[in-house]
Each structure stands twice: as structure tokens, then as C-alpha cells.
Amino acid sequence: MIKIAPSLLAADYLRIGDEIRRMAGAGADYLHYDVMDGSFVPNISFGQDLAKRAATCGLPVDAHLMIVNPEKYVDAFAEAGCKIITVHAEATNHLHRALQQIRAAGCLAGVALNPATSPECLRYVLGDFDLALVMTVNPGFGGQKLIPGCVKKITEIRRMLDGAGCDAIIEVDGGVNTDTAPMLMKAGATMLVAGSALYGAPDAKAFIDTIRRQSDDMLH
Ligand code: DX5
Ligand code: ZN
């Protein structure tokens with residue numbers, strides 16, 4: 001069953017609680033929470049204090065840390081109640097250690113890869129992560145167009161995980177909408193982040209239902 005994670009980045013910030021509850025009511029599985037530091041990515045977004053409040057609004061929080069030295073903040077986001085914490089492979093010198101730190105804090109551990117990063121960097125941490133996050137845009141901003149060349153990477157990671165008997169989630173982030181979702185799920189994605197397309201949709205439930213139907217159609 002495909003998991004859907006609305007990205008808070010695209011919500012109306014003056015009504016954050018209602019915006020999260022609206023997505024929970026529409027059938028979303030997680031709240032995707034984009035943390036940006038103005039250094040790893042050009043933009044600045046939200047921190048751990050808001051994450052703690054967001055975690056009380058009905059959806060488990062999937063924290064995507066687009067920050068340098070993410071190990072400095074792992075414990076803070078775990079204490080804030082995040083369920084998944086994902087760090088970028090490019091943002092730490094010690095990916096293996098960071099993943100262990102996330103699990104030790106009681107969270108699911110994720111590794112995110114920028115569009116130009118090879119999936120090979122996952123090979124020697126197979127078994128140490130619960131989720132691989134494939135960026136299909138350059139991180140930093142919502143509302144960008146999916147980079148088609150990144151889709152092949154999802155297939156490669158699917159093959160690597162299946163070959164190793166690893167059942168980690170493959171999450172895809174960037175430019176996801178009802179037109180791009182089918183090819184991403186076909187390539188092996190099991191969780192989709194949707195920001196601007198989902199929050200901007202006239203009917204969030206219809207958007208989520210459409211993607212679930214596309215996923216079901218693929219299985220039958
Ligand atoms: C981009 C973020 C994404 C973003 C996706 O840096 O990681 O989660 O919010 O937004 P859309 O779905 O609009 O591409
Ligand atoms: Zn994200």
C-alpha cells in the first residue's frame with residue numbers, strides 16, 4: 001500500500017494545525033516536515049519546536065533534515081516526537097553513525113540522496129536504514145518540476161534493496177502529482193511526498209484517492 005506524505009512546506013502557515021488535520025482527514029499517512037538551514041540548501045524553513053506542535057495534529061511526522069551536520073539535531077527532532085528522521089548522505093561525514101544515532105533515539109532512520117548523488121552510497125549501509133529518500137528535484141524549494149533522470153535511480157535502489165532482502169521504504173520527494181505518481185510507483189517508490197500539488201488541489205482526498213487507485217491498478 002502506497003504511503004502519502006503531504007509536505008508542510010506548501011501549507012498555509014497561518015493555519016498550520018488545521019492544514020495538518022485537513023491532510024489527516026483526507027487520508028494521508030505521514031506529515032512530511034522539511035527542515036532547511038540556509039546552508040545545506042539556500043532556503044530556511046522550520047525547526048524542532050514547531051515539529052513538536054505539528055506532531056500533535058494527527059499525523060506521524062516524517063522529518064527531512066536538509067541541514068549540515070544533521071547529527072547535531074537528531075536528538076532534538078526525536079524528542080519533538082518525529083517518527084522518521086532522514087538525513088542527507090551529502091550532509092554528514094559519518095552517515096553510518098548518524099543512522100545509528102537516529103535508531104538509538106527510537107526513530108526510523110532515513111537516508112536522502114540529492115539528484116546528482118549515486119545510489120551506491122546506500123550499499124554499505126544496507127540494513128542500517130529504514131527508508132531511502134530519492135530527491136527528484138534539487139532540495140530547497142517546493143513547486144519545482146520533477147527531474148526525469150532521477151526516476152532511474154528509484155529502479156536501481158529497488159533492485160539493490162530487493163537483492164539484499166531489505167524491506168526499507170523508498171520515498172520520493174519533489175514534483176509529485178497525479179501525473180508523475182504512476183511512473184514513480186512503477187519504478188519502486190512505496191511512499192510519495194506531495195507538497196504544492198496536494199495542498200493546492202481543490203480536493204485533497206480526491207488527490208490521495210487517485211494515487212491509491214493508481215497504485216492498486218498497478219498491482220492487479
Ligand atoms: C524540497 C522539499 C520537498 C518539497 C516538495 O526541498 O524536500 O519536500 O516540499 O514540494 P513539491 O511537492 O511542491 O515538489
Ligand atoms: Zn522533503
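Biologist: Why are Arg158 and Asp162 in helix α5 said to be separated by about one helical turn?

Modeller: Because the two residues stand 4 apart within helix α5, residues 151-163, where a helix is a DSSP run of H or I with at least four residues, and strands are E runs of at least two, both numbered from the N terminus. This is a predicted model in which local features need pLDDT of at least 70 and side-chain atom pairs count only at pLDDT 80 or more, whereas totals for chains, interfaces and linings use all residues. Residues are numbered from 1 along each chain as its sequence is written, chains are lettered from A and ligands numbered from 1 in the order in which they are written, and side-chain values use heavy atoms, with hydrogens and water left out.

Biologist: What makes the contact between Arg158 and Asp162 a salt bridge?

Modeller: The term requires a side-chain nitrogen of Lys or Arg within 4 Å of a carboxyl oxygen of Asp or Glu; the closest N and O atoms of Arg158 and Asp162 are 3.3 Å apart, so the pair qualifies.

Biologist: Why is Arg158 called buried, and why is Asp162 called partly exposed?

Modeller: Buried means under 20% relative accessible area, exposed over 50%, and partly exposed in between, with a 1.4 Å probe and protein chains only. Arg158 has 18% and is therefore buried, while Asp162, with 49%, is therefore partly exposed.

Biologist: Which residues are joined into one network by salt bridges that share partners?

Modeller: Asp12, Arg15, Glu19 and Arg22 are joined in this way. Within that network, Glu19 meets Arg15 at 3.7 Å, N to O, and Arg22 at 3.1 Å. Glu19 counts as buried because its relative accessibility is 5%, whereas Arg15, at 40%, is partly exposed, as is Arg22 at 32%.

Biologist: How do you know that β3 and β4 pair?

Modeller: Two strands pair if DSSP finds at least two bridges between them; β3 (residues 61-66) and β4 have 4, in the parallel sense, so the requirement is met. One position to inspect is His64, which stands opposite Thr86 in β4. On the β5 side, 5 bridges join β4 to residues 108-113, again running parallel, and Val87 has Val111 as its bridge partner.

Biologist: What makes β4 mostly covered?

Modeller: In β4, residues 84-88, 5 of 5 residues are buried. Ile84, Thr86 and His88 lie on one side, with Ile85 and Val87 on the other.
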